[in-house]
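Reader: Hey, I've got this structure open and I'm a bit lost. Can we go through some spots together?
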Amino acid sequence: MKTVPDIKILGIESSCDETAAAIVKNGRHILSNVVNSQIAIHQEFGGVVPEIASRKHIENITLVVDAAFKEAGLKYEDIDAIAVTNAPGLVGALLVGLSFAKGFAYALGKPLIAVNHLHGHIYANFLEHDDIEFPAVCLIVSGGHTSILYMSEAGHYEVMGSTIDDAAGEAFDKVARFLGIGYPGGPAIQKAAAEGIAGKFVLPRVFLNRKNFDFSFSGLKTAAMNQWKKNNHENNSVNDLAAEFQTALVEILSVKTIRAAQECNARSVLLAGGVAANSELRKMMKFKSELAGLKVYYPSLKLCTDNAAMIAGTAYSQYSKGDFAPLNLNAYASLLSL
Ligand code: KG4
Ligand code: ZN
């Protein structure tokens with residue numbers, strides 16, 4: 001019997017404030033997964049400073065790639081292709097990973113594969129689960145995107161609804177920054193919320209009762225800020241406000257996603273993106289999905305936030321189809337379609 005050769009892909013990710021490299025075999029087996037986070041550097045500014053992010057990527061990219069080869073116990077020539085995120089993200093940051101990937105592909109004579117960062121986040125589910133049934137509905141929630149997608153099969157996406165203003169992660173980050181409780185805002189709010197009581201403040205569930213699957217988080221964010229301005233900031237109130245804000249966001253996201261899944265007779269619900277690391281969102285999605293008879297999947301915490309294993313994994317099907325990128329590939333801040 002003819003054996004199919006193993007395909008090992010090097011993934012490179014530098015779209016925001018993580019410099020990451022990973023090697024994944026056959027789109028499933030993570031041989032290495034190295035992430036150098038710049039969070040500590042951007043923390044003092046309360047958010048990502050694009051110029052600093054690019055400069056840090058330049059310093060780190062070679063070290064991170066070498067660490068990925070070392071962790072996998074492989075030599076440069078052992079890989080079959082180089083996959084790189086080229087959109088969406090901070091262009092200056094993307095260009096560091098992209099330029100490195102091009103040079104590496106050129107020097108090794110291996111194909112280059114362009115990967116959409118959002119496809120990577122969604123694929124993180126497929127790195128860890130091989131029993132996902134279609135059709136599926138995916139809630140992608142990151143720092144820059146919030147959408148509900150219909151997936152008739154793996155790699156096929158139809159947008160059912162999206163945020164019309166802030167992304168969920170962006171709202172977490174902005175509110176946390178306003179409250180002065182740290183960056184990134186999602187984990188900071190989750191931590192504060194664990195010590196607070198939801199319902200002491202009351203925030204609106206914006207768009208919850210609209211029939212479509214769009215979201216709006218800008219008004220929720222402003223409502224939280226206004227309530228904080230009016231409040232006398234006593235006792236545990238910052239934690240109580242964080243708890244109410246998180247509860248409102250989780251309710252809106254989970255109710256709309258389950259409704260979307262029911263409307264299109266989905267069998268599975270997937271969560272993807274950095275906000276998918278939120279413990280309350282994971283709990284609520286699991287509870288509501290099971291109640292509705294749906295199977296729910298989310299990546300492990302390390303694969304929710306930015307990493308390169310998800311990029312290398314996504315590239316496997318592109319490799320199988322010969323979907324390679326030319327060496328004049330460019331980087332793009334946003335995407336025209338998913
Ligand atoms: O996917 P990601 O790492 O980067 C983008 O592609 O944007 O997502 C980053 C976002 C940030 O807004 C961050 O605050 C949020 O994910 N995040 C969380 C949590 N961990 C990260 N939001 C809520 N709860 C968390 N535990
Ligand atoms: Zn991301």
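Reader: Let's start with N328. Is N328 buried or exposed?
Author: In this predicted model, N328 is exposed, with a relative accessible area of 64%. The cut-off for exposed is over 50%, so N328 counts as exposed.

Reader: Ok, and where does N328 lie?
Author: Look in the segment after α11.

Reader: How far apart are N328 and S99?
Author: Depends how you count! Along the sequence they are 229 residues apart, but in space their C-alpha atoms are 9.9 Å apart.

Reader: Cool. What about another Asn, N60: buried or exposed?
Author: N60 is buried, with a relative accessible area of 13%. You'll find N60 in helix α2, which covers residues 50-72.

Reader: And which residues does N60 touch?
Author: Leaving out residues up to four places away in sequence, N60 touches T19 and N36.

Reader: Switching topic: there's a zinc ion, ligand 2. Which residues coordinate the zinc ion?
Author: H117 and H121, each through NE2, and D306 through OD. The distances are 2.0 to 2.1 Å.

Reader: What spacing do those donors follow along the chain?
Author: The pattern is H-x3-H-x184-D. H121 sits in helix α4 (residues 117-128), while D306 is in the loop between α10 (301-304) and α11 (309-321), so this pair ties together parts that are 185 residues apart in sequence.

Reader: Nice. Are H121 and D306 buried or exposed?
Author: H121 is buried, and D306 is buried too.

Reader: Now helices. How do people describe two packed ones?
Author: By the angle between their axes and the distance between the axes.

Reader: Ok, so at what angle do α5 and α6 cross?
Author: Roughly 65 degrees, and the axes come within 7 Å. Here α5 is residues 168-179 and α6 is residues 185-193. Angles of 65 to 115 degrees count as roughly perpendicular, and α5 and α6 are therefore roughly perpendicular to each other.

Reader: Is that crossing left-handed or right-handed?
Author: The crossing of α5 and α6 is left-handed.

Reader: Which residues make the contact?
Author: From α5 it's F172, D173, V175 and A176, and from α6 it's G185, G186, A188 and I189. Sorted by type, the residues of this contact come out as five nonpolar, two polar and one charged.

Reader: What's in the loop between α5 and α6?
Author: P184 is placed there. The peptide bond from Y183 to P184 is cis, with omega near -5 degrees.

Reader: Huh, cis. What are most peptide bonds?
Author: Most are trans. There's a cis bond joining A87 and P88 as well, with omega of about -15 degrees. P88 lies in the loop between β4 (81-87) and α3 (91-108).

Reader: Last topic, phi. What sign does phi have in most residues other than glycine?
Author: Negative. N26 isn't a glycine, yet its phi is positive, about 55 degrees. You can find N26 in the loop between β2 (18-25) and β3 (29-37).

Reader: And what's the phi of F207?
Author: Positive, about 70 degrees, although F207 is not a glycine. F207 is in the loop between α6 and α7 (218-230).

Reader: Why does F207 count as buried?
Author: Buried means under 20% relative accessible area, and F207 is at 14%, so it counts as buried.

Conventions
Residues are numbered from 1 along each chain as its sequence is written. Chains are lettered from A and ligands numbered from 1 in the order in which they are written. This is a predicted model: local features need pLDDT of at least 70, side-chain atom pairs count only at pLDDT 80 or more; totals for chains, interfaces and linings use all residues. Side-chain values use heavy atoms; hydrogens and water are left out. Donors are N, O and S atoms within 2.8 Å of the metal (3.2 Å for Na, K and Ca); water is not among the atoms, so sites may look incomplete. Helices (H or I, at least four residues) and strands (E, at least two) are DSSP runs, numbered from the N terminus. Buried means under 20% relative accessible area, exposed over 50%, partly exposed in between (1.4 Å probe, protein chains only). Axes are lines fitted to C-alpha atoms, for helices over the stretch in contact, and angles run from 0 to 180 degrees between N-to-C directions. Angles under 35 degrees count as roughly parallel, over 145 as roughly antiparallel, 65 to 115 as roughly perpendicular and the rest as oblique. A crossing is left-handed if the near helix is turned anticlockwise from the far one by less than a right angle, and right-handed if clockwise. Contact means heavy atoms within 4.5 Å. Ala, Val, Leu, Ile, Met, Phe, Trp, Tyr, Cys and Pro count as nonpolar, Asp, Glu, Lys and Arg as charged, and the others, Gly among them, as polar.
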